[in-house]
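Work through the exercises below with the structure open. Each task is followed by a solution in steps.

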Amino acid sequence: MNQNTICALATANGVGAIGIIRVSGDQSFEIVNKVFQGKDLTKVASHTVHYGYIVDGDAEKPENQSYSDPHQDAENHVIDEVMVSVFKAPKTFTAEDSVEISFHGSPHIANKILEVLIKNGARMAKAGEFTMRAFMNGRIDLSQAESIADLIASENEASRKLALNQLKGGISSEISLLRGDLLNFTSLVELELDFAEEDVEFADRSAMNVLLNRLESKLASLIESFQYGNAIKNGVEVAIIGKPNAGKSTLLNALLKEERAIVSDIAGTTRDTIEEVLHLNGNAFRLIDTAGLRETSDEIEKIGVVKAKEKVAKASILVYLIDANSTDISDDIQMLNELMRPELKTIICLTKIDKAADANQSAGDPEYSGLLHQLRSGLSFTDFKLLKISALENRNLQQLKTELSSYVENLKTGENTVITNQRHYEALQKSLESVNRVKAAISQGIQTELLAYELRYALEHLGEISGEFTNDEVLGNIFSKFCIGK
């Protein structure tokens with residue numbers, strides 16, 4: 001790994017009260033000391049903060065000099081008044097000598113300070129290089145490094161908690177226990193290869209089967225938790241679908257409590273998808289308001305209808321709206337049958353009940369039994385939730401919110417550790433496949449060489465999660481997604 005001293009802006013780009021520039025590497029103190037008017041940073045204690053000035057110049061500066069006139073030295077051009085924090089290895093984020101410069105939060109000042117640091121021997125950090133150094137120096141493992149990016153990107157309470165748990169080593173501990181047990185048997189099987197001619201068994205096959213069954217159960221449980229973890233991390237996609245004027249945009253506005261979508265009696269008002277995030281009980285739901293589903297000659301509206309169907313194909317929850325004033329809903333039934341797939345949670349909402357109530361009651365149908373009969377007789381599936389709502393009057397919207405929240409709650413497993421990362425999910429799947437092949441080999445009495453091969457393969461995939469087995473391409477892909485200052 002390149003041990004050059006690196007620097008980067010650690011705070012967000014833009015104007016702020018303060019900004020922070022981070023420096024890390026063997027020459028951190030010496031480089032910053034060249035541009036800092038204040039105490040000699042090579043002689044101060046670790047984890048201390050020092051007041052002074054960042055200057056662009058090479059003149060010598062006395063320790064504890066007066067700051068009454070920082071411009072007194074013509075060769076030293078003061079850039080900003082700063083506070084400098086000093087952190088000595090190994091008790092730092094990167095496990096290297098590190099410095100953090102707190103300055104007045106001007107982008108121009110940030111650029112000037114970075115310029116003088118680079119001029120004096122530092123270089124700009126690459127994306128995620130600080131965290132990568134923490135990993136390479138053994139301060140954190142790869143799953144913890146990824147959890148840092150997840151923590152920074154967390155948008156709700158649930159995703160924050162999951163990321164923080166993984167940063168504390170939640171998944172690392174689970175994987176370490178699994179690998180430890182598997183490694184013991186792998187070592188014994190490897191030993192058998194050295195005594196192949198003697199035809200001896202060091203690894204008790206029955207005890208190995210017990211371990212493999214336990215591993216299989218644990219891996220399957222972790223894999224199952226990914227659906228819940230993915231919903232927490234990325235939010236649950238909710239497609240709001242229905243015919244024109246069914247009340248989709250009105251519902252979106254009511255849930256968000258703001259006029260996000262244009263509401264009009266003119267059919268086809270919404271032509272493109274509108275996406276907004278709704279937070280319920282600490283979870284994020286990505287609401288997608290779509291174009292009304294109908295046959296149309298308008299080319300732009302046709303595109304909107306196609307997009308609406310594409311969104312449903314990717315969504316986890318379908319909220320299908322039917323105007324409660326309708327008498328014939330055969331088109332809605334046909335569309336629901338076309339959109340349905342087994343894993344899609346479906347909520348059918350009879351809308352505008354504020355307008356439909358009088359009409360239904362006068363017809364002797366206060367519970368909309370005619371519409372319910374059409375639905376139950378026409379739908380090819382029975383697993384759906386039916387609600388009667390009025391977005392305009394905010395009636396029964398809490399029931400809809402409860403149904404959305406219940407989707408996430410039902411995804412929970414008994415696991416304390418929840419998988420949120422696609423890379424971890426794939427590694428666990430491959431490891432489980434190897435465990436199953438080992439079990440099959442034992443039951444068939446297959447030779448030791450194959451057992452050893454599959455056991456090593458299972459260990460390798462588990463090690464990919466923590467970073468014990470990895471390659472430069474994987475590392476480059478992971479850390480390229482980080483911000484520069486992290």
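**Exercise 1.** In this predicted model, determine how many bridges join strand β1 to β7, and in which direction the two strands run.

Solution. Start with β1, which covers residues 6-9. Two bridges join β1 to β7, and the strands run parallel. Within this pair, Ile6 stands opposite Arg123 of β7. Next, place the pair in its sheet: seven strands form an open sheet with mixed pairing, in the order β3-β4-β5-β6-β2-β1-β7. β7 (123-124) is an edge strand, as is β3 (36-37), and each pairs on one side only. Finally, add the helix: α1 (residues 28-35) lies across β2 (18-24), β3, β4 (48-56), β5 (77-87) and β6 (98-104). Its angle to β6 is about 30 degrees.

**Exercise 2.** Give the strand order of the open sheet of six strands, then describe how β8 and β11 are joined.

Solution. The order is β9-β10-β8-β11-β12-β13, and the pairing is mixed. The edges are β9 (274-280) and β13 (385-388), each paired on one side only. Ignoring direction, neighbouring strands of this sheet are turned by 25 degrees against each other on average. Now take β8 (residues 236-242) and β11 (residues 317-323): five bridges join them, and they run parallel. Gly242 stands opposite Leu321 in β11. Helix α12 lies across β11, β12 (345-351) and β13, and runs at about 155 degrees to β12.

**Exercise 3.** Describe how helix α10 packs against helix α12, giving the angle and the distance between axes, and list the residues that meet.

Solution. α10 spans residues 330-339 and α12 spans residues 369-378. Their packing angle is about 35 degrees, and the axes are 10 Å apart. The crossing of α10 past α12 is right-handed. On the α10 side the contact involves Ser330, Ile333, Leu336 and Asn337; on the α12 side, Gln374, Leu375 and Gly378. Sorted by class, this contact has three nonpolar, four polar and no charged residues.

**Exercise 4.** Locate Ile140 and decide whether Ile140 is buried or exposed.

Solution. Ile140 sits in the loop between α3 (129-136) and α4 (142-153). Its relative accessibility is 8%. The cut-off for buried is under 20%, so Ile140 counts as buried. Leaving out residues up to four places away in sequence, Ile140 touches Thr131, Ala134, Phe135, Ala145 and Ile148. As a last step, compare sequence and space for Ile140 and Lys168: the two are 28 residues apart in sequence, and their C-alpha atoms are 9.6 Å apart.

Conventions:
Residues are numbered from 1 along each chain as its sequence is written. This is a predicted model: local features need pLDDT of at least 70, side-chain atom pairs count only at pLDDT 80 or more; totals for chains, interfaces and linings use all residues. Side-chain values use heavy atoms; hydrogens and water are left out. Axes are lines fitted to C-alpha atoms, for helices over the stretch in contact, and angles run from 0 to 180 degrees between N-to-C directions. Helices (H or I, at least four residues) and strands (E, at least two) are DSSP runs, numbered from the N terminus. A crossing is left-handed if the near helix is turned anticlockwise from the far one by less than a right angle, and right-handed if clockwise. Contact means heavy atoms within 4.5 Å. Ala, Val, Leu, Ile, Met, Phe, Trp, Tyr, Cys and Pro count as nonpolar, Asp, Glu, Lys and Arg as charged, and the others, Gly among them, as polar. Buried means under 20% relative accessible area, exposed over 50%, partly exposed in between (1.4 Å probe, protein chains only). Two strands pair if DSSP finds at least two bridges between them.
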